[in-house]
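Hi everyone, thanks for making the time today. I'd like to walk you through a structure that is probably new to most of you, so let's bring it up on the screen.

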Amino acid sequence: AGGKREGKGTYTTGDGAPFTGNWKADLLEGQGSYSGEDGKYAGDWIQSMKDGKGEFTWPEGDSYVGDWAEDNMNGEGVFKWSNGKVYTGFFRDGQRNGLGSLLFPDGRKYEGEFKNDEC
């Protein structure tokens, strides 16, 4: 409509990264996915930003499943590092913030308050 993407479809960027999902006024809206050099995301989008529930996997194997707001991990989620470390808890602006637990590959565990990605 008027040269803008509308409805279901796939847009491939100049570097070959596909965005697939629902489009509204040229922006991803609702369920969709992205796969590019920086990783893969599947989940909710609002105005072409990750927003709602979703899963992101980085090329090195780290992954996050949980809440997103304005393209950042925000709310509850689980972050898994490729080395086996797992954080379960709250995020704000892409960092661990609030109550959470950090499980290390050797079995050690920290439970408590996180602030600005630090425990």
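**A tyrosine and the sheet around it**

Let's start with one residue, tyrosine 41: its relative accessibility is 2%, so it counts as buried, because the cut-off for that is under 20%. Please keep in mind that what you see is a predicted model.

Where does tyrosine 41 sit? You'll find it in strand β4, which covers residues 39–46. And which residues does it touch? If we leave aside the neighbours within four places in sequence, tyrosine 41 is in contact with Gly32, Ser33 and Tyr34, with Lys50, Asp51, Lys53, Gly54, Glu55 and Phe56, and with Trp68. Its side chain also has a polar atom 2.8 Å from the backbone oxygen of aspartate 44. One more pair to look for is tyrosine 41 and threonine 57: they are 16 residues apart along the chain, and their C-alpha atoms are separated by 6.6 Å.

Now let's zoom out to the whole sheet. It is an open sheet of ten strands, and the order runs β1-β2-β3-β4-β5-β6-β7-β8-β9-β10, with antiparallel pairing. At the edges are β1, residues 7–12, and β10, residues 109–114, each of which pairs on one side only. From one strand to the next, the twist averages 10°.

Next, I'd like to stop at strand β6, residues 63–69. Is β6 mostly covered or mostly open? Mostly covered: five of its seven residues are buried. As a general reminder, side chains in a regular strand alternate between the two faces of the sheet.

So what does β6 pair with? On one side there is β5, residues 49–57, which pairs with β6 in the antiparallel sense over six bridges. Within that pairing, glutamate 55 has valine 65 in β6 as its bridge partner. β5 and β6 form a hairpin with five residues between them, and glycine 61 in the turn has a positive phi of about 105°.

The other partner is β7, residues 72–80, again antiparallel to β6 over six bridges. Here, tyrosine 64 has phenylalanine 79 in β7 as its bridge partner. This hairpin, β6 with β7, has two residues between the strands, and glutamate 70 in the turn shows a positive phi of about 50°.

That's my tour, and I'm happy to rotate the view for anyone who'd like another look.

Terms used:
Residues numbered from 1 in each chain as written. Predicted model: local features only at pLDDT ≥ 70, side-chain atom pairs only at ≥ 80, totals over all residues. Heavy atoms only, no water. Buried < 20%, exposed > 50% of the residue type's maximum accessible area, 1.4 Å probe, protein only. Helix = DSSP H or I, 4+ residues; strand = E, 2+ residues; numbered from the N terminus. Pairing = 2+ DSSP bridges. Contact = heavy atoms within 4.5 Å. Polar contact = N/O pair within 3.5 Å; in protein donor to acceptor, adjacent residues only side chain to side chain. Axes fitted to C-alpha atoms, helices over the stretch in contact; angles between N-to-C directions.
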